[in-house]
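Trainee: I'm new to this one. Can you walk me through it?
Mentor: Sure. Bring it up and ask away.

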Amino acid sequence: MRVDRAPMAVRNALAVASRVRATSTRALAAVRSDHTALALFLGSLAFYALYWRVDVFIVDTFAIANTVTALARGSFAVDPLTYGPSGADLPGLYVTEGRLYGRNYGHAAAAVPLLWALRALSTLVDVRILLAGLWSLVVLGASVQVGHVIGRERLATLAGSALALVLLGANLVGATGLSPESFPLVALGLTTMLAAALLAVVGYRLLRAVHGPRVGVLAGVTTAVVGPVGFWAPIPKRHAVTALLALVALYGFYRARAATDPVRARRLRAVPYVAAALTAWVSAPEGLALLAAVVPADLLTARENRPRTLAILAGTFCLALAPFLLTNAAISGNPLLPPRMLPDYTPTPGSGSITASESVGTAGGSSPSGGVSAVVGGTGLALDVFLAQLDRGVRALEPRRLFHVVVRSGRIPGVDYAQTGGYTLELTLLESAPIVAGLFAAPIAIRARAVPTRATLGLLRRDPVRATDLFAATYVAVFGLLYLPQLPLHSTITVRYLIPTVPFLIYGVCRLEPVHRVAEHEGGRLAALAIGLTVAAVAFAALALAGVGPGTAMQAHGVAHLAVAGLFLAWLVAALRTDLDPRVGAAVLALVLAASVAFLLLSGVEYFGHDRQFALPIARTLERLIPIR
């Protein structure tokens, strides 16, 4: 069929896709000219790399490392397996027609170019030396950008250059090489750190657009150092990637409603749908959860829903979904049947042969035959599994479970601590992200600015911020219900399944008036206090926790974070009810940030750093100097 005779919806979808690419190019150019965004991006990267471990931290990593290796050699199938103990169960591997396949192909595909680059560069320079040099350049770049922000370019450049040289020398002393077998793990770690750093930038840009640059900086820094995001940033898991796509959807949603040009608004309206499609390529359930939140919020708050507009959105979504559909078709024979819905891989003891076993939420061995009926069947199966999981989530809304997921962990009944060596490593949402406690004060703020019910819908269409609030709340609810039945679990540590919701929760906290009042009027004081309190928190924890095991240390941080969370909530409630001095809020917020940074540094370098392979040799030096282990 000739393109000029294609249906109008297809042609419009192609035009929108081209415009989205052009918009992305302009957005990248804007980021390059935004010194604050660059400082956040480079500073976050430098921070994460400080406790970056190049090894398998959690057993699920074997599956994604095998997937990257397979894609790099031009195959979706991961057999023969490159990583993993022989004859052991490897979560995340699936079987169809006697072959093994991985999952999170979108994440793996993003890591493949980095893997190729590492292999090429390794013929010229040792990769560990390369990483040390790049890290020093990132530190220098962050210093230069901070200098531009504060108006001290020369001083920042000189100080950054000296620091970068010192760090480079410290990393080169006694540095040993990285084996080629570790390159896929290095590539994966780079993708997750890049995603987490961009997450901070998007959080900054969103809140800058909503409440101004100072609130944006607070949101960006908080997003970068909040426990769940920062802890998993250097670990090769999907969470930072899907969190970035979800926050991009939120940002695009807001910009579409804030745009004054109707044509530009229609283009930006496609961004959340593209983000949902790409998320599905990484994790099909999370992509469906994002889409389930986008569609009702978008249709309810859009300025118009003409058939032509909806057809363009649908066409753009389908185009963005192409990588997901093609990957599924190549693996299962059905474009709507993702690998995670195939039977699980279970090795036969002693034989090394491949067998399949059913598990909750899988296809259970149904034949992935092609054709229209298979596509329809795959759609129905995916929706049935998704809706069933949401139903289980609703039924899982019980006080005891919520308490152990949100508030306090300790030794949770029913959790198999044998999987963690007997250590109580798991922390709840508040124990790992005390900033989230601020949302418990949200009902007070909402009552203070309530509007008549009959005016609500019109207000949502007129006010882009409140429309964005609706989308954010919807996404947190849908995503939370998706994973609640699986929680609490022994392997989440900082409730990692809920990481994509954490930037949304930070957005909600930064929307509270006392918080952005502190950022606007006490930003300098807040920054100075946060730096000073971070140094004090690290020193105090290093002395107080000397000689204790990782489980005890993690629980100590959890209890301390609960205390900080309670203080933060008390301040917010008081600030919402009275005209409280914002300097008090600056001190409390600084304590929240300091506690989070101290937790990330000590957990990354100390509690989970023993006998592990750090990407930067200087991290091993720090691990030996701090007297905890």
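Trainee: How much area does the chain expose, and what share do carbon and sulfur atoms supply?
Mentor: The chain exposes about 25900 Å², and carbon and sulfur atoms supply 66% of that. Keep in mind that this is a predicted model.

Trainee: What share of the residues is buried?
Mentor: Buried residues make up 54% of the 629 in the chain.

Trainee: And how many helices and strands are there?
Mentor: The chain has 27 helices and four strands.

Trainee: Let's pick a helix. How far apart are the end C-alpha atoms of α7?
Mentor: They are 42 Å apart. Helix α7 covers residues 183-211, which is 29 residues. At 1.5 Å a residue it should span 42 Å, so the model agrees with the expected value.

Trainee: Is α7 mostly covered or mostly open?
Mentor: Mostly covered. In α7, 23 of the 29 residues are buried.

Trainee: What comes just after it?
Mentor: Gly-212 does, with a positive phi of about 110 degrees.

Trainee: Back to the surface. Which residues make a nonpolar patch there?
Mentor: Val-146, Val-149 and Ile-150 make one of about 250 Å². Ile-150 sits in helix α5, residues 127-150.

Trainee: Why does Ile-150 count as exposed?
Mentor: Its relative accessible area is 56%, and exposed means over 50%.

Trainee: What about Ala-536: where is it, and how exposed?
Mentor: Ala-536 is in helix α24, residues 523-544. It is partly exposed, at 41% relative accessible area. Its C-alpha atom is 9.0 Å from that of Ala-598, and the two residues are 62 apart along the chain.

Trainee: New topic, aromatics. How many pairs are there?
Mentor: A search of the whole structure finds 16 aromatic pairs. Take Phe-57 and Phe-608: their ring centres are 5.4 Å apart and their planes are at 80 degrees, so the pair is edge-to-face.

Trainee: Where do those two sit in the chain?
Mentor: Phe-57 is in the loop between α2 and α3, and Phe-608 is in the loop between α26 and α27. They are 551 residues apart, so to speak distant parts linked by one pair.

Trainee: Buried or exposed?
Mentor: Phe-57 and Phe-608 are both buried.

Trainee: Which residues form a stacked pair?
Mentor: Phe-231 and Phe-599 do, at 6.3 Å centre to centre with 20 degrees between the planes. Phe-231 is in helix α9 and Phe-599 in helix α26, 368 residues apart. Both Phe-231 and Phe-599 are buried.

Terms used. Residues numbered from 1 in each chain as written. Predicted model: local features only at pLDDT ≥ 70, side-chain atom pairs only at ≥ 80, totals over all residues. Heavy atoms only, no water. Buried < 20%, exposed > 50% of the residue type's maximum accessible area, 1.4 Å probe, protein only. Expected span 1.5 Å × (residues − 1). Areas by Shrake-Rupley, 256 points an atom, 1.4 Å probe, with all protein chains shown as cover. Patch = residues over 30% accessible without salt bridge, like charges linked within 9 Å, V, L, I, M, F, W, Y side chains within 5 Å. Salt bridge = Lys/Arg side-chain N within 4 Å of Asp/Glu carboxyl O. Phe/Tyr/Trp six-rings, centres within 6.5 Å; stacked < 30°, edge-to-face > 60°.
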